[in-house]
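Subject: Structure for your review

Dear colleague,

Please find below the structure that I am handing over to you. My findings follow it, and I would be grateful if you read them with the structure open beside the text.

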Amino acid sequence: MNNSVEVKKLSFNYGKVEILKNLDLDIKDGEFMVLLGPSGCGKTTLLNCIAGLLDLDDGQIIIEGDNVTWKEPKDRHIGMVFQSYALYPSMSVEKNLSFGLRMSNTPKNIISEKIDKASELLQIKELLHRKPSQLSGGQRQRVAIGRALVRDAKVFLFDEPLSNLDAKLRAELRYEIKKLHRDLGNTMIYVTHDQIEAMTLADRIAVMKNGVIQQLDSPKEIYNKPSSLFVADFIGSPSMNFFKGKFISSNNSFALNNSLINLNNYQFEHKPSDQTDIVFGIRPEDISVSVSKESMEFKIELIEPMGADTLIWLSFEDTPFSVRLEGSSEYKLGDVINIKFDIKRSSIFDKKTELRL
Amino acid sequence: MISNNIEASGPRPKHLTIGRIGLYCFIITCALFFLMPLYVMIITSLKDMDEIRSGNLLYIPQKLSFYSWPKAWSEACTGFICEGLRPGLINSLKITIPSVIVSVTLGAINGYALAFWRFKGAYFFFGLCLFGAFIPYQVMVYPLLKIESAIGIYSSLPGIILVHTIFGMPILTLIFRNFYSSLPIDLFKAARIDGGNFLKIFFYVIIPMSTPITIVAVILQVTGIWNDFLLGLVFAGRDNQPMTVLLNNIVQVKFGVVEYNVDMAATILTSILPLAVYLLSGRWFVRGIAAGAIKG
């Protein structure tokens, strides 16, 4: 499969601040790539560089085989959807959709043909003569997507397109964007700080922090095998439980004060030496209620019912942690339960380097 | 205790309190105070000279006489020529209309460039503009005069239009730039991806959104240029003297009788246009200011 977008050794500085540092990223043809990270991590800057709205300081950007590093945004085969929709307020929906085509002097019959097709696909046909101010948030976002569609963009860029919408609409449009990607098969680059959007939409996720890609992998890999403490902590809601302790090599276990957790079932990528400070991480759903000889006894300190699941909070050597149980479970505050960690699915990090072991 | 009768606590508060009444009295007094000169001007222009000489400044005219108005319009002497204000009106229009169009257009383009096409040194340039808005005219009159006579447009219509355009630039750039800075930058980015260049984005995307601020700019310029006396006197030349200069010549007679009623009529005639502009566009003016003209 060919690469649709290649970013090579890209650096971008804002004044003296380095926003992006020597960044490499290859995006395959037809791939849905999500750039995920906390605010200020450089994900939107990267997208703007790809779009040509910011001039980079160093590096190269190749889209569809063209070196577009110094090309104008309009010559990059891209369409972009913004968080604020960025519809032209003085133009009707139809004029909004056709603006790009009119700028490139496309013949009228072709324009109306393309608008027909796009408005059909996005179900905005009956809105064509309205002004953006007469549309709801969801409709505006659809028009914004239509604008990219009409231009026959090879690569779609989304800059947090759903952040301004309420939760229900967000879920709806997320579904529609996914469907659109399935039907069109275009390459899409999607910036978000919402991990649910990232997990549900992406073929691959690039988790970013401070202008550096921390991990680039499928959602499943990123969720199950986070490469660093940052990724482990950032992905997942409710978030992963962490315990800070030491590695004891004589019995291959994790020691926290007087408690030991046997790590025989954990597959180390790099086995640490004896007495290394490590962080033991485990997701709330990888802890189960069980009475066996490995299980430990805990008292329930807090219960958070969330409908489908119930989250119960316990303490292990004074570190609070959560366990995800079925919504139907009927534990009460103060109950004592036996639980077991699924060591195979846990993650262990070096405390100093914060990398996965 | 459960009651079926749901009541607010006590009666509904009254809107007309003593404080309110005091406030209204104050506002009305202020309005009357500021309207007083206009009132005196109008009644004086409707009196004949005998009645004016009797000295009752605030009295309504006992006998209405309208002769001062046509006299101010077409007969009063401005120096040696006795054609009234009429030629000045045409000159003022010839100066004001092109000056407003040119200066507002250039100010809008400047503001647009400074707000969206952030070139290196844009902030410094913006600072210069701000500084320029506070430099008194008088400082630049003589240098400008020398420059204009060197390029041969001193004392001509293009000369005075150029001067008004130059002096309008700092404040117009400032208000347009601030207005455009309040527009979402994403809009501009979207237009660039859609293939707009500097001028296309300006004409198709930015101008249609500029109505409120353009109205503010036009009002500022129309009233400013219409009311200008100094620049008109120095740069317009003998053939293009605006209404304000002619008005001055009518009022400042060195010989004969001072005809207060003609002076008053002439003054009202000269100030009718800016007055009308304010009255008719007040709503738009406030809206434009609220849309971000002054803040930022």
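Chain A of this predicted model is divided into two domains, with domain 1 covering residues 3-234 and domain 2 covering residues 241-350. Taken over C-alpha atoms, the centres of these two domains of chain A are 39 Å apart. Five residues from domain 1 of chain A and five residues from domain 2 of chain A take part in the contact. On the side of domain 1 of chain A that touches domain 2 of chain A, three residues are nonpolar and two are polar, while no charged residue is found there.

Two sheets of chain A deserve your attention. In one of them, four strands form an open sheet in the order β2-β1-β4-β5 (chain A), and the pairing is antiparallel. The edges are held by β2 (17-28) and β5 (66-67) of chain A; each has a single partner strand, so one side of each is left without a neighbour in the sheet. Strand β4 of chain A, residues 58-63, runs antiparallel to β5(A) and is joined to β5(A) by two bridges. To locate this pairing in the structure, please look for A:Ile62, which stands opposite A:Asn67 in β5(A). A helix is packed against this sheet: α1 of chain A, residues 43-51, lies across β1 (3-14), β2 and β4 of chain A and runs at about 115° to β1(A).

The other sheet is also open, but this one has six strands, in the order β6-β7-β8-β3-β9-β10 (chain A), and its pairing is mixed. Its edge strands are β6 and β10 (212-217) of chain A, each of which pairs on one side only. On average, and with direction ignored, neighbouring strands of this sheet are turned by 15° against each other. Within the sheet, strand β7 (residues 155-159) and strand β8 (residues 187-192) of chain A run parallel and are joined by five bridges. Here A:Phe158 is found opposite A:Tyr190 in β8(A). Helix α4(A) lies across β6 and β7 of chain A, and its direction is at about 175° to that of β6(A).

I turn next to the helices of chain A. How do helix α2 (residues 93-103) and helix α4 (residues 137-150) of chain A cross, and at what angle? Their axes come within 8 Å and cross at roughly 30°. Angles under 35 degrees count as roughly parallel, and therefore α2(A) is described as roughly parallel to α4(A). The crossing of α2(A) and α4(A) is right-handed. From α2(A), the contact involves A:Val93, A:Asn96, A:Leu97, A:Ser98, A:Gly100 and A:Leu101, and from α4(A) it involves A:Val143, A:Gly146, A:Arg147 and A:Val150. By class, the residues of this contact between α2(A) and α4(A) are five nonpolar, four polar and one charged.

Helix α2(A) also meets helix α3 of chain A, residues 108-122; the axes of α2(A) and α3(A) come within 10 Å and cross at roughly 125°. With that angle, α2(A) is oblique to α3(A). This crossing of α2(A) and α3(A) is right-handed. The residues that meet are A:Glu94, A:Leu97, A:Ser98 and A:Leu101 in α2(A) and A:Ile111, A:Lys114, A:Ile115 and A:Ala118 in α3(A). Five of the residues in the contact of α2(A) with α3(A) are nonpolar, one is polar and two are charged.

Chain A also touches chain B: 17 residues of chain A are in contact with 14 residues of chain B. On the chain A side, β6 (78-81) and α2 of chain A each supply at least two residues. That side of chain A consists of 11 nonpolar, five polar and one charged residues.

Chain B, in turn, is divided into domain 1 (18-65) and domain 2 (86-293). The centres of these domains of chain B, taken over C-alpha atoms, are separated by 33 Å. Each domain of chain B gives seven residues to the contact. For the side of domain 1 of chain B that touches domain 2 of chain B, α1 (18-45) and α2 (49-53) of chain B each supply at least two residues, and the largest share, four residues, comes from α1(B). This side of domain 1 of chain B has four nonpolar, two polar and one charged residues.

Yours faithfully,

A colleague

Conventions: Residues are numbered from 1 along each chain as its sequence is written. Chains are lettered from A and ligands numbered from 1 in the order in which they are written. This is a predicted model: local features need pLDDT of at least 70, side-chain atom pairs count only at pLDDT 80 or more; totals for chains, interfaces and linings use all residues. Two strands pair if DSSP finds at least two bridges between them. Two residues are in contact if their C-beta atoms, placed from the backbone, lie within 7 Å. Axes are lines fitted to C-alpha atoms, for helices over the stretch in contact, and angles run from 0 to 180 degrees between N-to-C directions. Domain bounds come from an automatic or database domain assignment. Ala, Val, Leu, Ile, Met, Phe, Trp, Tyr, Cys and Pro count as nonpolar, Asp, Glu, Lys and Arg as charged, and the others, Gly among them, as polar. Angles under 35 degrees count as roughly parallel, over 145 as roughly antiparallel, 65 to 115 as roughly perpendicular and the rest as oblique. A crossing is left-handed if the near helix is turned anticlockwise from the far one by less than a right angle, and right-handed if clockwise.
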